[in-house]
Structures are given as C-alpha cells and as structure tokens.
Amino acid sequence: MKRGKLTLVAVVLSGSLLFSSCVGSFSLFNRLSSWNQSVGNKFVNELVFLAFNIIPVYGVAYLADALVINSIEFWSGSNPMANVGDVKKVKGENGNYMVKTLENGYSITKEGETASMDLIYNKEANTWNVVANGESAELVKMNNDGTADLFLPNGEKMNVTLDAQGMLAARQATMSNLMFAAR
C-alpha cells in the first residue's frame with residue numbers, strides 16, 4: 001500500500017514538471033538567494049548558505065518554485081511572488097532607470113527625473129501598451145495563433161512569429177524606423 005502511494009506521488013510530481021513546460025522565474029528561490037547575499041560579508045553569506053543547505057531551506061524553496069509557483073505562473077500568466085511596488089534600479093545606455101512593478105505592468109523613470117513611462121498589460125485585449133504624458137498607445141498584441149502584431153511608430157502594424165526569425169524581423173523593422181527618425 002505504501003509503495004503504491006509513493007509511486008502515485010512520484011508520477012504526479014513528475015507529471016507536473018513534464019506537462020507544465022515552464023522554466024519560470026523561480027522567484028521564491030531567487031528572492032531567498034538575494035536575501036542571503038545581502039546578510040553580511042562573504043563569510044556570513046557562506047555560513048547562511050551552508051545552513052540553508054543542511055536544513056533544506058534552499059531545496060524546499062526550489063521545489064516549491066518548480067512544482068507550484070512556476071506552474072501557477074505558467075497557467076495563470078502572473079507570478080504570485082511578484083511584489084507590486086518593488087523598485088529595481090536598472091543601468092541603461094543613457095543612465096540609470098528605476099523600474100517599479102505595478103499590478104498590471106511596470107513604471108519606468110529615469111534616475112533624477114520625475115516624468116515616467118508605464119508599460120501596461122491589458123489582459124482582456126492581450127496587449128502591452130505604453131502610457132506616457134497621459135496618452136496610451138498599443139505596442140504589441142499577442143495572437144492565439146503563435147504570432148504577435150507589432151505596432152510600429154509610423155502607424156503600421158507588422159505581424160511576426162514568436163521565434164528567432166520573427167524577432168529578427170521585428171528588430172529590423174523597429175531599427176529602420178529609428179534610423180529614419182534620426183535623419
């Protein structure tokens with residue numbers, strides 16, 4: 001009887017890994033690891049790391065991510081570990097940017113400036129929109145056939161496949177529009 005239950009549990013766990021096909025962001029594990037790196041100097045970090053491996057905190061966090069949280073993220077489209085209001089500093093070519101997590105997207109502000117740009121996901125329309133200075137414009141619409149409609153700055157719409165070839169075509173189209181705008 002015990003062997004049958006163990007086999008059933010193993011099959012269910014394997015199935016959840018195999019059928020979700022989601023690498024996921026591993027938010028819980030990454031958050032735990034980031035916390036450990038901020039505890040103190042490298043010796044304290046190493047001691048916490050060893051302790052979290054002896055008492056399997058890292059293993060449990062990784063397993064929870066792999067089996068539960070990443071599966072929820074895959075099937076629902078939202079990460080249950082994402083913290084609304086979190087602000088990350090991102091280094092860009094033209095300076096540093098502050099990226100704040102919103103409930104339905106991100107708000108981006110250049111460091112030292114007050115004006116921001118929001119990237120908002122509209123779940124009903126399945127689109128990503130940019131909102132700046134009170135005006136909204138569609139950027140990308142995800143289609144159910146494995147393609148996406150990319151809205152170019154010149155007003156045209158370009159349908160691309162969601163693979164390397166489609167991304168290359170989209171990159172070329174947006175870069176040619178940027179070069180045209182620079183002339």
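## Surface and overall make-up

Accessible areas here come from the Shrake-Rupley method with a 1.4 Å probe. On that basis, the chain in this predicted model exposes about 13300 Å². Carbon and sulfur atoms supply 62% of that exposed area. Turning to the inside, buried residues make up 22% of the 183 residues in the chain.

For orientation as you trace the fold, there are 5 helices and 8 strands. Starting at the N terminus, the order of elements is α-α-α-α-β-β-β-β-β-β-β-β-α. As for how the chain meets itself, take the contacts with a separation of 6 or more: 23% of them are between residues 24 or more positions apart.

## An aromatic cluster

Now to the aromatic rings. The model has 2 aromatic pairs. One of them joins Tyr106 and Trp128, whose ring centres are 6.5 Å apart. Their planes meet at 10°, and planes under 30 degrees apart count as stacked, so this pair is stacked. The pair links distant parts of the chain, with Tyr106 in strand S3 and Trp128 in strand S5 (residues 127–132), 22 residues apart.

Trp128 also pairs with Tyr121, with ring centres 5.3 Å apart. Here the planes stand at 45°, so the pair is tilted. Taken together, Tyr106, Tyr121 and Trp128 form one aromatic cluster.

How do these three rings sit relative to the surface? Tyr106 has a relative accessible area of 37%, so it is partly exposed. Trp128, at 31% relative accessibility, counts as partly exposed, and Tyr121 does too, at 28%.

## Thr109 in strand S3

Let's stay with strand S3, which spans residues 105–110 and includes Thr109. Is Thr109 buried or exposed? Buried means under 20% relative accessible area; Thr109 has 19%, so it is buried. Tyr106, which lies in strand S3, is partly exposed, with a relative accessible area of 37%.

Which residues does Thr109 touch, leaving aside its neighbours within four places in sequence? On one side of it in the numbering, Thr109 is in contact with Asn96, Tyr97 and Met98. On the other side, its contacts are Thr114, Ala115 and Ser116. If you have the structure open, these residues are a handy set to display around Thr109.

Technical notes:
Residues are numbered from 1 along each chain as its sequence is written. This is a predicted model: local features need pLDDT of at least 70, side-chain atom pairs count only at pLDDT 80 or more; totals for chains, interfaces and linings use all residues. Side-chain values use heavy atoms; hydrogens and water are left out. Helices (H or I, at least four residues) and strands (E, at least two) are DSSP runs, numbered from the N terminus. Buried means under 20% relative accessible area, exposed over 50%, partly exposed in between (1.4 Å probe, protein chains only). Contact means heavy atoms within 4.5 Å. Rings of Phe, Tyr and Trp (its six-membered ring) pair if their centres lie within 6.5 Å; planes under 30 degrees apart count as stacked, over 60 as edge-to-face and the rest as tilted.
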